[in-house]
Amino acid sequence: MKRMMMFAILMTIAAVSRAQSQSNEDLKAKMTEYREKLNLTEEQSTRVDAINADYMEALSALKSSNEKKLAKYRRFKDIQAKKDKQMKEVLDKEQYKQYQAMQSEMKSEMKKKRKSK
């Protein structure tokens with residue numbers, strides 16, 4: 001019985017670590033695609049990476065907070081607006097239009113995922 005429990009725990013740990021590494025690979029691939037679609041310069045790429053890192057950190061903090069859903073939603077909107085403002089400062093007009101189109105596409109994908117659950 002102990003062996004079976006230990007085996008189950010080890011399998012769970014292996015599955016979680018594999019999912020995390022797959023998630024990191026997916027994220028890296030998305031970021032590469034992001035840079036290519038927006039045709040970023042080196043300087044823009046560095047600044048966009050910093051903006052995205054701040055954004056992800058803020059989302060992580062929001063996710064782990066104990067706020068009510070409505071408060072979280074409002075904070076999420078504030079975080080998103082801040083990111084959009086920063087991106088507008090970094091990108092030129094065409095790049096920003098492409099950025100907005102990509103954001104709209106991602107929102108549509110998220111809605112489809114939520115409906116399919």
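## The largest pocket

A pocket, as the word is used here, is an open set of grid points with protein on both sides within 12 Å along at least five of seven lines. In this predicted model, the largest pocket holds about 1800 Å³ of space. Its lining is made up of 36 residues, and those closest to the centre of the pocket are Tyr-55, Leu-59, Phe-76, Met-106 and Met-110.

Four elements each give two or more residues to the lining of the largest pocket, namely α1 (2-38), α2 (42-64), α3 (69-90) and α4. Among these, α4 provides the largest share, with 14 residues. Sorted by kind, the residues of the lining comprise 16 that are charged, 15 that are nonpolar and 5 that are polar.

## A charge over a ring

Tyr-55, which is one of the residues closest to the centre of the largest pocket, also takes part in a contact with a charged side chain: Lys-83 lies over the face of the Tyr-55 ring, at 4.4 Å from the ring centre.

## An aromatic pair in helix α4

Where aromatic rings are concerned, the count comes to 1 aromatic pair. The pair is formed by Tyr-96 and Tyr-99, whose rings lie 5.6 Å apart from centre to centre, with 35° between the planes, and the arrangement is classed as tilted.

Both partners belong to helix α4 (residues 93-116), and because they are 3 residues apart there, Tyr-96 and Tyr-99 are separated by about one helical turn. As for their surroundings, Tyr-96 is buried, and Tyr-99 is buried as well.

Key:
Residues are numbered from 1 along each chain as its sequence is written. This is a predicted model: local features need pLDDT of at least 70, side-chain atom pairs count only at pLDDT 80 or more; totals for chains, interfaces and linings use all residues. Side-chain values use heavy atoms; hydrogens and water are left out. Rings of Phe, Tyr and Trp (its six-membered ring) pair if their centres lie within 6.5 Å; planes under 30 degrees apart count as stacked, over 60 as edge-to-face and the rest as tilted. Buried means under 20% relative accessible area, exposed over 50%, partly exposed in between (1.4 Å probe, protein chains only). A charge sits over a ring if NZ of Lys or CZ of Arg is within 6 Å of the ring centre and within 35 degrees of the ring normal. On a 1 Å grid over the protein atoms alone, a cavity is a set of points where a 1.4 Å probe fits but cannot get out, and a pocket is an open set with protein on both sides within 12 Å along at least five of seven lines; lining residues have an atom within 4 Å of a point. Grid points are joined across faces, edges and corners, and a volume is the space filled by probe spheres set on the points. Ala, Val, Leu, Ile, Met, Phe, Trp, Tyr, Cys and Pro count as nonpolar, Asp, Glu, Lys and Arg as charged, and the others, Gly among them, as polar.
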